Amino acid sequence: MPANASPPRSAPNPKLYSHRNLLRYRRLVVGLSHRFAWKLDNTELLDVYLRHVRERHLEVGPADLHFLSHTPAPTLAHLWRVDVLDINDAPLNTAREQLLGRAQTSLHKHDVLAAPWPLPDQSVDSLACGNVLHCVPGKDFAAKATAIGEMVRVLTDDGTAWGYTLLGARDPAISPNLLARYLMHRYNRANNVFHNTGDRLSDLSRELDARFTEVRLWVMGCAAVWVARGPRR
């Protein structure tokens, strides 16, 4: 992104991310889209949570909080602190309901692309950002890199950040089927749904490597999945 260019900003989409739609998210998105369109392995994605969730956790873009809801608390409820960040109200309210009695929850209504996030420096030990970056504006991952920079800022030195995002249909790193191509075309043409036409695996690798000393990045179906440690200060 040119030095004099204004960074992109997200806009709320309360109609899409409504309480009613979140009740159907697990079946339609995690159950059907992940399996038949995006070819994501939900068991493997859950395993990343099981391996890395810590006592001070940040969930970015929670949707219906599917994977965190299926992750055992790493400590007692009064010691597990979970921050949740989203620009829409319904995902935040859903997260509060899901975590009631399991954790001490703090909700942050905030744009993932707007720095700074409303959290202190080095305040979380684990951070998840799933199905988020392909939904926020930006012609490529460089334009969305503010979000990655904020992950670095809020993560502790020994913390772990992970996530997954759908790559653009024309990225040579993936081979989307006809359903995936159709859905990506439709969602990118729709208002404020997908913004991933220019998202490329090589660009995400560059942005992560510039900000973390240890990055594991791999392709799963139509998505890039990453686990990153060692935030560069």
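Before the tour starts, one definition: helices here are DSSP runs of H or I with at least four residues, strands are runs of E with at least two, and both are numbered from the N terminus. Hi everyone, and please keep in mind that what you see is a predicted model.

Let's begin on the surface. Leu28, Leu32, Phe36, Leu179 and Tyr182 make up a nonpolar patch there, and together they offer about 440 Å² of accessible area. Two elements give two or more residues each to this patch: α1, residues 19-37, and α6, residues 178-189. Which of them gives the largest share? That is α1, with three residues. One residue of helix α1 is Leu28. Is Leu28 buried or exposed? Neither, in fact: its relative accessibility is 33%, and because buried means under 20% and exposed means over 50%, Leu28 counts as partly exposed.

Now to the sheet. Seven strands form an open sheet with mixed pairing, and the order is β3-β2-β1-β4-β5-β7-β6. The edge strands are β3, at 104-109, and β6, each with a partner on one side only. From one strand to the next, the twist averages 15°. If you'd like to look at one pairing, try β1 with β2, residues 81-86: these two run in the parallel sense and share five bridges. Within that pairing, His57 stands opposite Val82 of β2.

Helix α4, residues 89-99, packs on this sheet, where it touches β2 and β3. The direction of α4 makes about 165° with that of β2. On the buried side of the count, α4 has Ala90, Pro91, Leu92, Thr94, Ala95 and Leu99. The cover over those residues includes α1, α3, β2 and β3. Just after α4 comes Gly101, with a positive phi of about 85°.

Towards the other edge of the strand order, α7 lies across β5, β6 and β7. Relative to β6, α7 runs at about 160°.

Next, my favourite helix of the day, α5. Why do we call α5 largely enclosed by the rest of the structure? Because eight of its ten residues, in the stretch 145-154, are buried. Those buried residues are Ala145, Ala147, Ile148, Glu150, Met151, Val152, Arg153 and Val154. You'll notice that Glu150 and Arg153 are on that list. And what do the buried residues of α5 pack against? There are several partners: the strands β1 (56-60), β4 (124-130), β5 (155-166), β6 (212-220) and β7 (223-231), along with helix α7 (201-209).

Last stop: backbone details. As background, most residues other than glycine have a negative phi, and most peptide bonds are trans. Two leucine and lysine positions are worth a look here. Lys39, in the loop between α1 and α2 (42-52), has a phi near 60°, which is positive. Leu65, in the loop between β1 and α3 (66-69), also has a positive phi, near 65°. How does the accessibility of these two residues come out? Lys39 is partly exposed, with a relative accessible area of 46%, whereas Leu65 is buried, at 1%.

Then there is the peptide bond between Ala115 and Pro116, which is cis, with omega about 0°. You'll find Pro116 in the loop between β3 and β4.

That's my tour, so thanks for listening!

Key
Residues are numbered from 1 along each chain as its sequence is written. This is a predicted model: local features need pLDDT of at least 70, side-chain atom pairs count only at pLDDT 80 or more; totals for chains, interfaces and linings use all residues. Side-chain values use heavy atoms; hydrogens and water are left out. Patches are made of residues with over 30% relative accessible area and no salt bridge: like charges are joined within 9 Å, nonpolar side chains (Val, Leu, Ile, Met, Phe, Trp, Tyr) within 5 Å. Accessible areas come from the Shrake-Rupley method with a 1.4 Å probe; for residues, only the protein chains shown count as cover. A salt bridge is a side-chain nitrogen of Lys or Arg within 4 Å of a carboxyl oxygen of Asp or Glu. Buried means under 20% relative accessible area, exposed over 50%, partly exposed in between (1.4 Å probe, protein chains only). Contact means heavy atoms within 4.5 Å. Two strands pair if DSSP finds at least two bridges between them. Axes are lines fitted to C-alpha atoms, for helices over the stretch in contact, and angles run from 0 to 180 degrees between N-to-C directions.
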